[in-house]
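Hi,

Here is the structure I promised to pass on. Have a look at it first, then read my notes underneath.

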2 protein chains.
Amino acid sequence: MATDVVTMEKIVSLCKRRGFIFPSSEIYGGIGSSYDYGHYGVLLKNNVKAQWWRSLLQERDDVVALDSAIIQHPRTWEASGHLAGFTDPLVDCRTCKLRFRADKLEDGACGRKPSKRPGETSECDLTEPRNFNLMFQTTVGPVQDEGSVVFLRPETAQGIFLNFKHYLQFARKKPPFGIAQIGKSFRNEITPGNFVFRMREFEQMEMEFFVPPQDAQRWHEHWLKERYDWYVNLGIRADHLRLREHEQDELSHYSSATSDVEYLYPIGWQELEGIANRGDFDLSQHAQHSGQKLEYVDTVTGERYIPYVIEPAAGADRATLAFLVDAYDEDEIEGETRTVLRLHPQLAPVKVAVLPLVKKDGQPELAREIERELRERMQVEYDEGGAIGRRYRRQDEIGTPWAITVDHQTLEDRTVTLRDRDSLEQVRIGIDELADELERRLRAPWRSPKLSD
Amino acid sequence: MATDVVTMEKIVSLCKRRGFIFPSSEIYGGIGSSYDYGHYGVLLKNNVKAQWWRSLLQERDDVVALDSAIIQHPRTWEASGHLAGFTDPLVDCRTCKLRFRADKLEDGACGRKPSKRPGETSECDLTEPRNFNLMFQTTVGPVQDEGSVVFLRPETAQGIFLNFKHYLQFARKKPPFGIAQIGKSFRNEITPGNFVFRMREFEQMEMEFFVPPQDAQRWHEHWLKERYDWYVNLGIRADHLRLREHEQDELSHYSSATSDVEYLYPIGWQELEGIANRGDFDLSQHAQHSGQKLEYVDTVTGERYIPYVIEPAAGADRATLAFLVDAYDEDEIEGETRTVLRLHPQLAPVKVAVLPLVKKDGQPELAREIERELRERMQVEYDEGGAIGRRYRRQDEIGTPWAITVDHQTLEDRTVTLRDRDSLEQVRIGIDELADELERRLRAPWRSPKLSD
């Protein structure tokens, strides 16, 4: 592991201290592996999702959007294979009464001797493994009988396959084209953990890209490159990213080839996004189970085929965590350690802070005027409390790329200082030019200063 | 009901035809009262949500954001009163075997004689009403015992109350301030319906605004006006909106005063958003159930109190439906009926269409060049298929406010025609000015042309 990766403790601590992310339902003692996003966390994650949409819907013309329901018809999961196969092997301990994943005993802790793992202590007397389905089950309608059993989706992808036909018909689309979706998925895992890296309830950003079968390989390579570049262009260091091709024995039942974009998290190299060639598995399965034809027919040539699918499946929470980890930095200013999030300006929760140097002499009033004008264009924060250095630190810590300071001179010549989070450079600029200058900077190509370390 | 309100059938038909919204899981016969948003639907709803965030987070400095988990600690629902009281009275028919809401028998249809309502026919032999809880229930962790029973949240609001303390502590907030959240909620109702107006799974936009108790009345009025204006500023006709104060016997157990913003849907006047004074009910309940102090303490004056809460609770789906209904219009162009969505440009799924007049003479290439440049700034669509009039109609129908046409002259002088969806006015403009002109129009105040009807 690289020595320049921050510890998870520091990230968790910053996230709680500044209200990015905190454990769910904490006043009731929490609910395992579940987190709530606070103010800056929502702004950051919204920006991550907006950039994903932008890269697919706005910058391209071959991808369209979908937002399908979390509770789908239960036959969906028969066809997809989840009902039969989406399971973890679990064992019970007859002594300590806890339940563990048979294939992850090294992650468990014995209930009687928490310092011991269930596999390594004779305290634990384990049953044979049994398979438990990971889908959350509930009933729809007020009757609890078998006919109304439904599941919370364990992935957003299947909603796309169910709607494939609509897009051919109503969106006038033909392969190659993609359907993209952002939304929550749910997996009833027994050993999630590592902060927001693995939660029972999480948000996915998935796209199914439908192609003629003979072009699948080429499109798979295209999307590997596109998705890798997306992270790099938003500021992730290339030496913290890698592509790893799945071995034959790792491949899911539906996939003929999968590569993961892996990121160097504080817990080591882990999957950030999987990019799979799912072939025609899903459309064929749903065609068979629904009795509907899910194929593309070229009205000119008469050619007909079931498209192959290339799926870049990213996690909004994992991506947000990666951006936080990668942006985290500490340096020294005036003999003090400064914590700074070197986030891409497009991702930063707040774009600019407006700070009167002192809380008198008309400075707060003028600063409020500037704040109001800038609010028309971007996310702004006003702060007049405490020493200016301390206020800069507060903004650095949440990744605000720029700070505007209103001082004595401002009241004379209507110029302010504009400070850069990374270079610490301060330039003097007229109030009337501020909004345009900030928008220019926001749109400019950006490169993390950590890259030149 | 006003005669200028479109029928629900026309809205449903347009939504399906153009891929805004369609029934969920349709290839498996659908799943009741559940809808998926297609491409234009996602773009529209994303814009509605972005405008809501913008009005609260970007344009104000007294509201912060939250995104809390859907599955919260189950004690949440004991404290909130949902576990005991969030029920519908249901009756069974011993003859036709169907189940009905006792208080909504007029909406039901007998299973044997679907033309008859259960209340009006002797076919139906109804049981006494029993109360069924509307919360979806599931189990967390792989064990199905009582300790692990959890619920899908029936409202996003409670997640805000659970986190109230964090915001005092970490977000340095003090009353008056608000916490806003957008997210899915779930209600296992027996008689939902009316398209996306009432679904079992729906998206809320809720804000809890915490105030000193003595200021609650004033803030209630403030938010009534703010939220009413939000709809009007985004193009809803004022004569299709009204404020209606709840009668004493309509008030929820937690509310001392509630007013609804009602919209004139095709099904009549219905709640678009409820704005309640919840008093200190929720914080007091959670304080009692959690044993934690949920109060504000002024560190200077030593004053301490449990804030009152003003809650504007909007539905993202209901708002999207209202914007669609209100924007729907038909007029006549060249002897043909034109369907046009007169959406506010900020809400329109696509901002501008780029259309080569003919599919030759270098026009498509130049149009593609313009398209690529505009994609940097906004959501664009390129369309070269079919007669130009038909392509305009396609854009009108999805509410695209502007269309750019590349013609013979464009290749000579690099000017294009810029067509306005509502006025149908066409102006000639240089390619280099297009992006700035469109951004200027997007930012300009906007008034629905329907207002001058």
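Below is what turned up, starting with how the chains relate.

A bit of housekeeping: this is a predicted model, so local features need pLDDT of at least 70 and side-chain atom pairs count only at pLDDT 80 or more, while totals for chains, interfaces and linings use all residues. Residues are numbered from 1 along each chain as its sequence is written, chains are lettered from A and ligands numbered from 1 in the order in which they are written, and side-chain values use heavy atoms, with hydrogens and water left out.

**The two copies.** Chain B superposes on chain A by a rotation of 180° with 0.0 Å of shift along the axis, at an RMSD of 0.0 Å (a least-squares fit on the C-alpha atoms of residues with pLDDT of at least 70 in both). That is the relation of a two-fold axis. The same surface serves both copies, as 100% of the contact residues of chain B recur in chain A (contact means heavy atoms within 4.5 Å). Within chain B, the residue that comes closest to the rotation axis is B:Thr138, with its C-alpha at 2.6 Å.

**Cavities.** There are 8 cavities of 30 Å³ or more. A cavity here is a set of points on a 1 Å grid over the protein atoms alone where a 1.4 Å probe fits but cannot get out, and lining residues have an atom within 4 Å of a point. The largest holds about 90 Å³, the volume being the space filled by probe spheres set on the points. Its lining has 14 residues, and B:Tyr35, B:Tyr37, B:Lys184, B:Met199 and B:Glu201 lie nearest the centre. By class, that lining has 5 nonpolar, 3 polar and 6 charged residues (Ala, Val, Leu, Ile, Met, Phe, Trp, Tyr, Cys and Pro count as nonpolar, Asp, Glu, Lys and Arg as charged, the others, Gly among them, as polar). In chain B, strands E2 (35-37) and E10 (201-211) each supply at least two of the lining residues (strands are DSSP runs of E, at least two residues, and helices are runs of H or I, at least four, numbered from the N terminus). The largest share, 3 residues, comes from E10(B).

**Cysteines.** How many disulfides are there over all chains? The count is 0, with a disulfide taken as a pair of cysteine sulfur atoms within 2.5 Å. For A:Cys124, the nearest cysteine sulfur belongs to A:Cys93 and is 3.6 Å away. A:Cys93 is buried, at 3% relative accessible area, and A:Cys124 is buried too, at 11% (buried means under 20%, with a 1.4 Å probe and protein chains only).

Cheers

Methods: 1 Å grid on protein atoms, 1.4 Å probe; cavity = no way out; pocket = protein on both sides within 12 Å on 5 of 7 lines; lining within 4 Å. Buried < 20%, exposed > 50% of the residue type's maximum accessible area, 1.4 Å probe, protein only.
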